[in-house]
Amino acid sequence: MAKQTNKGFSLRLDPETMEQVEKWASDEFRSVNGQLQWIIADSLRRHRRSKNSSNSEKTGISQ
């Protein structure tokens, strides 16, 4: 049996926020879970908290 690499947790959202996330996910052809993962990963990259941040993102220099 393969080891699970993702860690789950509960998230409470108010109905209006959930509706907005559902619409955004639908617009981008993603599941709500996939959309939330993308939002978090994008935020980590933008705030230079991701292991996947490239040097160009850190310095603002495009290659």
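Which residue forms a salt bridge with Lys23, and how far apart are the closest N and O atoms? I started my notebook with that one. The partner is Asp27, and the closest N and O atoms are 3.1 Å apart. I should say at once that I am working on a predicted model.

**Entry 1: the Lys23 pair**

I looked up where the two residues sit. Lys23 and Asp27 are about one helical turn from each other, because they are 4 residues apart in helix H1. I also checked the cover on Asp27: its relative accessibility is 46%, so Asp27 counts as partly exposed, since that label runs from 20% to 50%.

**Entry 2: the overall layout**

Next I stepped back to the whole chain. I found 3 helices and 0 strands, and the order from the N terminus reads α-α-α. The chain has 63 residues, and 8% of them count as buried. For the accessible surface I noted about 6100 Å², with 49% of that belonging to carbon and sulfur atoms.

**Entry 3: helix lengths**

I then took a ruler to two of the helices. H1 is made of 13 residues and spans 18 Å between its first and last C-alpha, close to the expected 18 Å at 1.5 Å a residue. H2 is made of 15 residues and spans 21 Å between its first and last C-alpha, again close to its expected 21 Å.

**Entry 4: the other salt bridges**

How many salt bridges does a search of the whole structure find? My count came back as 3. Besides the Lys23 to Asp27 pair, I wrote down two others.

Arg30 and Glu28 meet through their side chains, at 2.7 Å from N to O. I checked the accessibility of both ends. Arg30 is at 30%, so I logged Arg30 as partly exposed. Glu28 has a relative accessible area of 35%, so Glu28 goes down as partly exposed too.

Arg45 pairs with Asp42, and here the closest N and O atoms are 3.9 Å apart. The cut-off for a salt bridge is 4 Å, so I keep this pair on the list. Both residues belong to helix H2 and are 3 residues apart, about one turn of the helix. Arg45 has a relative accessible area of 26%, so Arg45 is partly exposed.

**Entry 5: backbone surprises**

Which phi angles caught my eye? Phe29 has a phi near 55 degrees, a positive value in a residue that is not glycine. I made a note of it because most residues other than glycine have a negative phi. Phe29 comes just after H1, in the loop between helix H1 (15-27) and helix H2 (32-46). Is Phe29 buried or exposed? Its relative accessibility is 80%, so Phe29 counts as exposed.

Arg48 gave me another case, with a positive phi of about 55 degrees although it is not a glycine. Arg48 follows just after H2, and its loop runs between H2 and helix H3 (55-59).

**Entry 6: surface patches**

I looked for charge on the surface next. Asp14, Glu16, Glu19 and Glu22 gather there in a patch of negative charge. I followed up on Glu22, which is placed in helix H1. Its relative accessible area is 41%, so Glu22 is partly exposed. That is over the 30% required of a patch member, so Glu22 can be included.

I also searched for nonpolar patches. Phe9, Leu11 and Leu13 make one of about 320 Å² on the surface. Leu11, one of its members, lies in the segment before H1.

**Entry 7: a distance across the loop**

My last lookup was the pair Ala41 and Asn52. How far apart are they in sequence and in space? They are 11 residues apart in sequence and 9.4 Å apart in space, C-alpha to C-alpha. Ala41 is placed in helix H2. With 27% relative accessibility, Ala41 counts as partly exposed.

Note on methods. Residues are numbered from 1 along each chain as its sequence is written. This is a predicted model: local features need pLDDT of at least 70, side-chain atom pairs count only at pLDDT 80 or more; totals for chains, interfaces and linings use all residues. Side-chain values use heavy atoms; hydrogens and water are left out. Helices (H or I, at least four residues) and strands (E, at least two) are DSSP runs, numbered from the N terminus. Buried means under 20% relative accessible area, exposed over 50%, partly exposed in between (1.4 Å probe, protein chains only). Accessible areas come from the Shrake-Rupley method with a 1.4 Å probe; for residues, only the protein chains shown count as cover. Patches are made of residues with over 30% relative accessible area and no salt bridge: like charges are joined within 9 Å, nonpolar side chains (Val, Leu, Ile, Met, Phe, Trp, Tyr) within 5 Å. Lys and Arg count as positive and Asp and Glu as negative; His and the chain ends are not counted. The place of a charge is taken as NZ of Lys, CZ of Arg, CG of Asp or CD of Glu. The expected span of a helix is 1.5 Å times one less than its number of residues.
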